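Biologist: I'm new to this one and would like to learn how to read it, feature by feature. Could you walk me through it?

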Amino acid sequence: MNVTTQKGDIVLGSKEEIKKLMEAGKSEPDEIWLSGEEEYPCLVIFIYGEYVYLNYFEDEGDCLQPCGDSEEEVTFHIGDKEFTPDAVVSFETAVACMEEFFDTEDCPECIEWEEL
């Protein structure tokens, strides 16, 4: 799986490697882009501690965001991006989405999505 982070581009071959990368984002906020051999579809994971915001792109400009599952009112920033509580998911939910995307390269069905 092709992976782009704020630190650069890498290729990771397992869900466990990607989960470790996501875990590192708990202590230092990160933006992780996952894709197969093509640029799209891709899953974007914005990590801020225990809170995560996701985007799924089928194609460029065709963006979905999750219907959030966070029980807390959370707003966070990564770079110049602000993420609001209604779209924030738990870290565990984000891992489930990553694992499903890794297996299928399709929009994860383990959560509900809405168009942006």
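Modeller: Happy to. Keep in mind that this is a predicted model. Let's start inside: Gln-65 is buried, with a relative accessible area of 10%. The cut-off for calling a residue buried is under 20%, so Gln-65 at 10% qualifies. You'll find Gln-65 in strand E6, residues 63-66.

Biologist: Which residues does Gln-65 touch, leaving out those up to four places away in sequence?

Modeller: Among them are Tyr-53, Leu-54, Asn-55, Ala-87, Trp-113 and Leu-116. With Tyr-53 there is also a polar contact between the side chains, at 2.6 Å. For a feel of how sequence and space relate, take Gln-65 and Val-88: they sit 23 residues apart in sequence, and their C-alpha atoms are 9.2 Å apart.

Biologist: Asn-55 was on that list. Is Asn-55 buried or exposed?

Modeller: Buried, at 8% relative accessible area. Asn-55 belongs to strand E5, residues 51-57. Its side chain makes a polar contact of 3.3 Å with the side chain of Tyr-53. So Tyr-53 comes up twice: with Asn-55 and with Gln-65. Beyond its sequence neighbours, Asn-55 is in contact with residues including Cys-42, Val-44, Phe-46, Cys-63 and Trp-113.

Biologist: I see cysteines there. How do I read those, and how many disulfides does the structure hold?

Modeller: A disulfide is a covalent bond between the sulfur atoms of two cysteines. Here the count is zero. Cys-63 is in no disulfide, and the nearest cysteine sulfur, in Cys-42, is 8.5 Å away. Cys-63 is buried, at 12% relative accessibility. As for Cys-107, the closest cysteine sulfur is that of Cys-97, and 8.1 Å is too far for a bond.

Biologist: Let's try a helix. Which residues of helix H1 are buried?

Modeller: H1 covers residues 15-24, and its buried residues are Ile-18, Leu-21 and Met-22. Looking down the axis of H1, these buried residues fall within an arc of 100 degrees, so they line one face of the helix. Glu-16 and Lys-20 are exposed on the other side of H1.

Biologist: And what do the buried residues of H1 pack against?

Modeller: Strands E1 (2-5), E2 (8-11), E3 and E4, plus helix H2.

Biologist: What about backbone oddities?

Modeller: Most residues other than glycine have a negative phi, and most peptide bonds are trans. Two spots here are worth a look. Tyr-40 and Pro-41 are joined by a cis peptide bond, with omega about 0 degrees. Pro-41 is in the loop between strand E3 (30-35) and strand E4 (42-48). The other spot is Glu-105, whose phi is positive, near 55 degrees. Glu-105 lies in the loop between helix H2 (91-104) and strand E10 (113-115), and counts as partly exposed at 32% relative accessibility.

Biologist: Last one: how do I read a pocket, and which residues line the largest pocket?

Modeller: Rolling a probe the size of a water molecule over the atoms shows where empty space is left. The largest pocket has about 160 Å³ of space. Its lining includes Thr-5, Lys-7, Asp-9, Leu-21, Ala-24, Glu-28 and Asp-30. E2 and H1 each supply at least two lining residues, and the largest share, three residues, comes from E2. You've met Leu-21 already: this lining residue is one of the buried residues of H1.

Methods
Residues are numbered from 1 along each chain as its sequence is written. This is a predicted model: local features need pLDDT of at least 70, side-chain atom pairs count only at pLDDT 80 or more; totals for chains, interfaces and linings use all residues. Side-chain values use heavy atoms; hydrogens and water are left out. Helices (H or I, at least four residues) and strands (E, at least two) are DSSP runs, numbered from the N terminus. Buried means under 20% relative accessible area, exposed over 50%, partly exposed in between (1.4 Å probe, protein chains only). Contact means heavy atoms within 4.5 Å. A polar contact is a pair of N or O atoms within 3.5 Å; within protein, one must be able to donate a hydrogen and the other to accept it, and residues adjacent in sequence count only if both atoms are side-chain atoms. The arc is that of the directions from the helix axis to the C-beta atoms. A disulfide is a pair of cysteine sulfur atoms within 2.5 Å. On a 1 Å grid over the protein atoms alone, a cavity is a set of points where a 1.4 Å probe fits but cannot get out, and a pocket is an open set with protein on both sides within 12 Å along at least five of seven lines; lining residues have an atom within 4 Å of a point. Grid points are joined across faces, edges and corners, and a volume is the space filled by probe spheres set on the points.
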